[in-house]
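Student: I would like to understand how the cysteine links in a protein model are recognised. Could we go through them together?

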Amino acid sequence: TPMGAFILLFSVVCQVVHIGTQEEGEKGCVPGFQVKEYQVEYNRGFQKDHPLTQMLFDDCVGNEGMAFEVSHPDFQVDEEMNLVARRDVMDSGTVMFIHGVNEHAEDMAQVDIVGALPRSPQTLREILGLGQIQSYRSKRALFAPRMHVSENMEPPFPKVIGTVMSSGMEDDHIFHMTGSGADQDPKGVFTINRLTGEVSVSQELDREAINSYMLEVSVTDQNGKLVEGPVALLVDVNDQNDNRPIFKETRYAGEVLEGSPTGTVVMTMTAEDADDPRLQNAVLRYNIVRQSPDKPSPNMFYINPESGNIVTVISPTLLDRETLPTTQYELEIVAQDMKGRDVGLTGTSTATITITDKNDHAPEFTHSLFQANVDEGSTGVVVNLTVDDRDDPATGAWRAIYSIIKGDPTQSFEIQTNPDNNEGMLSLIKPLDYESLVFHTLLIKVENEDPLVPDVGYGSSSTATVHITILDVNEGPVFFPDPLQVTKMENVPLGSFVALLNATDPDVLQSQSIRFAVLRDPANWLSVNPVRGTVNTSANLDRESPYVQDNKYTAIFMATDNGNPPATGTGTLVIHLEDYNDNAPYVHPSVVRVCEDARDSVVIVGGRDRDIHPNTGPFKIELGKQPGLENTWKVSRVNNTHAQIMLLQNMKRANYQLPLVVTDSGLPPLSNSTEIKVQVCTCKKNRMDCSGAGSVRSNLMLLLGLVLLSLLSHLNGDLTNTRILS
């Protein structure tokens, strides 16, 4: 019958699988039943709980969570993997199928019962052990058990890893398999026997590349018509311990503060294993295999095997940075998988631990007393103070801060830290006077940038005394006041008294004389008596001189003593010059232009004076005294400094010299008879043409007036030249 043929076919397949499995078992573990077919003798039935045979099943990773289903409902597989009867059984039938499954493997085995009578009725579903399988499988006539294959299997290939079964398989039916690993990339990893449903792996696998394959299996007839399926076939790649632990870094660095309590966490070492994290293949354990140096103890540190935390084991008193042979310790760390068992693979890294400093040593002066000599009047570094500190150089626990705590009421000293050697540089920032105080005594304190630890304090060695002796130096005389300021009227007679210089010698303990001399006198106006220091005029003081700025004339004098060597001091004399009305005013501009037509001929001129108020404006500007000028020209006042000149009648185009008289408001007032050049031009459409104009004198009296003005200018001593308007 068809049913009998299928049972016979399945028996043959199981025998072939059994033989193939035995061959593979010699070279590597294949997950599933290690024996696919078993035989038991039927002896008038089976007693309850009496073992029939032991099932040989291995998932290659420990058989945890195994579950078995038996096609006969009155039989089961116990915890020892023995096939036993649930009750006394007489009608066992001639064959049973065992379905074994867990997370890592799934397989079928056959148990033949020799001498038993067939059960009636007995369906193929019951024979295949499908009565207890999940409901979604009971709806299918095609059964594809979950399969498992170990990575790194050795040749030869292919190797059978399981069988897909069909309840409706006929002679013209064919198995097909599709999906990634079959007809899709990576192609050809798995194949299926088209007639028997055997699934084989054709090459070595790497779980770390692909850990499972999802395939589909279906049954068609010879014409390709779908008969059953498709159903899913999941193939899991079982892990082998083929990856060593790898540390993220080849070298790790950590720090621990000296004096830290035992058990202080220094750092954490972390390695990774690419194997299956659910298995011991990737369960790591850490260990310290070497410490360098190994003093004062070879076991100064401990690493937690599971977490990788490195902690201190040495006592806090021995963890003293200043007494340890080194401040850096190197640990060789090994990470081993398989929970650290000898069979596990290992990875290695190095941890460098630095013992960091805490401020447990106060700085101490190398001497309790420092001495120095310094010339009076000088500044700069006086003495360098040296200290010892056993803490780590270039840290806040070592760097020193100095302070003057006594002996400097005038704040003439300052002290700074030399960053190169930690010395205290005591400097003078204000010159000291030998005649005032010869000896100075300072009390200096040194501290660290970082605070000391609670149980350490600053002692007497953290303070030092500095004796400073001031050496006498011949100092130059000092002028007082400096500058000396006086007020004088300009144009005072030659030899007039200007000022009395006052200079004293700071070296009061010495009897020295002082002589005065002129050091800088820009206009050579002054002289000084070398003994008395009286300053007199040697030339006329002129407020309008270019050497006078803002009405002030400045000269510098020097005073020299007769010490060995002589010393010189300088003082400044500032003379404030009062104005005298010694400069006659003048008219500006000296050249003007008017039009031939008297209606359009008006110009503005102004008065100027080199003197200052009240010897300047208001100015009075009027026509010269020559007869007939008033018929042609008219001058009228505009304001205190300017006047308006108007042409009263038309004139020919020419250049005319117009006599004017300008008078200032000084006491007494000064007048200046001058003339300006008036160009009479042709004016058309807002354009003025002055080209080709000749020079014409107004009259002969104008020439005589110029002669008189020249004489007047000579008498007054300073008449200004006529300026030409550009």
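Tutor: What follows is a short conversation about the disulfides in this structure.
This is a predicted model, in which local features need pLDDT of at least 70 and side-chain atom pairs count only at pLDDT 80 or more, while totals for chains, interfaces and linings use all residues. Residues are numbered from 1 along each chain as its sequence is written, and side-chain values use heavy atoms, with hydrogens and water left out.

Student: Why is the pair Cys 595 and Cys 683 called a disulfide?

Tutor: A disulfide is a pair of cysteine sulfur atoms within 2.5 Å, and because the sulfur atoms of Cys 595 and Cys 683 are 1.9 Å apart, the two form a disulfide. The link of Cys 595 and Cys 683 is left-handed, with -85 degrees about the S-S bond. Cys 595 lies in strand β47 (residues 591–595) and Cys 683 in strand β53 (residues 671–684), so the pair ties together parts that are 88 residues apart in sequence; strands here are DSSP runs of E, at least two residues, numbered from the N terminus.

Student: What makes Cys 595 buried or exposed?

Tutor: Buried means under 20% relative accessible area, exposed over 50%, and partly exposed in between, with a 1.4 Å probe and protein chains only. Cys 595 has 8% relative accessibility, so Cys 595 counts as buried, whereas Cys 683, at 30%, counts as partly exposed.

Student: How many disulfides does this rule give?

Tutor: The count comes to two disulfides. Cys 681 and Cys 690 also form one, their sulfur atoms 1.7 Å apart, and that link is right-handed, with 100 degrees about the S-S bond. Cys 681 counts as buried at 0% relative accessibility, and Cys 690 counts as buried at 15%.

Key:
Helix = DSSP H or I, 4+ residues; strand = E, 2+ residues; numbered from the N terminus.
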